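Trainee: I've got a model up on the screen and I'd like to talk it through with you. Can we take it piece by piece?

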Amino acid sequence: MTVTPPQLADTLVQSAVGGDTAATLRADTVSAWFGDHKVLDRVSLTMPAHEVTALIGPSGCGKSTFLRTLNRMHELIPTAALAGRVLLDGGDIYDRGRRITHARRQIGMVFQKPNPFPAMSLYDNVLAGLKLNGIKAGRDSKDDLVEECLTKAGLWREVKDRLRQPGGALSGGQQQRLCIARSLAVRPRVLLMDEPCSALDPTSTRRIEETIAELKTEVTIVIVTHNMQQAARVSDSCAFFLAEQGTPGVIVEHGDTDAMFNAPQDSRTADYVNGRFG
Ligand SMILES: Nc1ncnc2c1ncn2[C@@H]1O[C@H](COP(=O)(O)OP(=O)(O)OP(=O)(O)O)[C@@H](O)[C@H]1O
């Protein structure tokens, strides 16, 4: 068992709280397969630091698969294969010798369905990622980190007097913000969000959207959404994915969100963002 001295532990937590900032993520000719089914074909996309990039497109075109290639979650599926590179500030997260845990710590993920540990306290839920990464800390550092992450996730005021209650006692929207706080505790440089509001009511959705707007000052955000209004509200740029007639998914068009919605270059983008299919 490794024992971390208290001072070093506090330094580690400090670096988790105030270390690296948002990074640019670049997918370079990424292809993905499940068995012999190719679902993405040479997809390239730059997701700039401090911006929100929305991935849009009809069901089955490969948005979630693409998202999972961005923090090495795709390779958890036994039949999955991948080609191409994913560069985090220029360094390929798939380079031999780079640990998978390193990529996951720098590139966090928030899922469609909120997944807090239901019986664990709110306080311990926020710190759960630190424990998984083997970072130990003194009580004061932990208290500061919990407050900071819950504040950033827009949940602190609602829960500060009941941090010992279980995660499962929160509403769905609060649980999702708790999951965002948990992701932030390991100080990711990029946050991937896979339809984070699809299980939430409109008020909670709006609250998460506000949180996204605030978070981009410190993390790069990539969000999959089926909700075109949401893509228009929260993102700086959009990538429109399409898999036509059984072919693998590709990016048909990518660009500034205003341009994608108001003056798309490709007629298929225009049809999709105007709700004519998908
Ligand atoms: N675990 C898996 N095993 C085999 N095939 C999969 C798996 N996950 C996804 N696929 C297939 O990969 C393709 C892309 O799926 P993906 O979920 O990435 O699309 P999507 O655009 O995110 O869809 P949706 O909007 O419905 O979530 C689909 O044909 C899907 O059936």
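Trainee: Let's start with helix 7 and helix 8 (residues 202–215): at roughly what angle do their axes cross?

Mentor: Bear in mind that this is a predicted model, where local features need pLDDT of at least 70, side-chain atom pairs count only at pLDDT 80 or more, and totals for chains, interfaces and linings use all residues. Residues are numbered from 1 along each chain as its sequence is written. Helices (H or I, at least four residues) and strands (E, at least two) are DSSP runs, numbered from the N terminus, and axes are lines fitted to C-alpha atoms, for helices over the stretch in contact, with angles from 0 to 180 degrees between N-to-C directions. The axes of helix 7 and helix 8 come within 9 Å, and they cross at roughly 20°.

Trainee: Parallel or perpendicular, then: what do we call helix 7 relative to helix 8?

Mentor: Angles under 35 degrees count as roughly parallel, over 145 as roughly antiparallel, 65 to 115 as roughly perpendicular and the rest as oblique. The crossing is at roughly 20°. That makes helix 7, relative to helix 8, roughly parallel.

Trainee: And what's the relation between helix 4 and helix 7?

Mentor: Helix 4 covers residues 122–132 and helix 7 covers residues 172–184. Their axes come within 6 Å and cross at roughly 40°. Helix 4 and helix 7 are therefore oblique.

Trainee: Which sheet order do you get for the six strands?

Mentor: Two strands pair if DSSP finds at least two bridges between them. The sheet is open and its pairing is mixed. Going across, the order is 6-7-8-3-9-10.

Trainee: Why is one side of strand 6 and of strand 10 left without a neighbour in that sheet?

Mentor: Strand 6 (107–110) and strand 10 (250–256) stand at the edges. The twist from one strand to the next averages 20°. One side of each edge strand is left without a neighbour because each has a single partner strand.

Trainee: Inside that sheet, which residue is the bridge partner of Leu-191 in strand 8?

Mentor: Strand 7 (residues 190–194) pairs with strand 8 (residues 220–224) in the parallel sense, over five bridges. The partner of Leu-191 is Ile-221.

Trainee: What about the sheet with four strands: which are its edge strands?

Mentor: This one is open too, with antiparallel pairing and the order 2-1-4-5. Seven bridges join strand 1 to strand 2, and eight join strand 1 (residues 25–34) to strand 4 (residues 80–88). The edge strands, each pairing on one side only, are strand 2 (37–47) and strand 5.

Trainee: Which residue in the turn between strand 4 and strand 5 has a positive phi?

Mentor: Two bridges join strand 4 to strand 5 (residues 91–92), and they run antiparallel. They form a hairpin with two residues between them. The turn residue with a positive phi, about 45°, is Asp-89.

Trainee: Last one: which helix gives the largest share of the shell around the ligand?

Mentor: Among the residues surrounding the ligand (C-beta atom, placed from the backbone, within 6 Å) are Phe-34, Val-39, Lys-63, Ser-64 and Thr-65. The largest share of the shell is three residues, and it comes from residues 63–69, helix 2.
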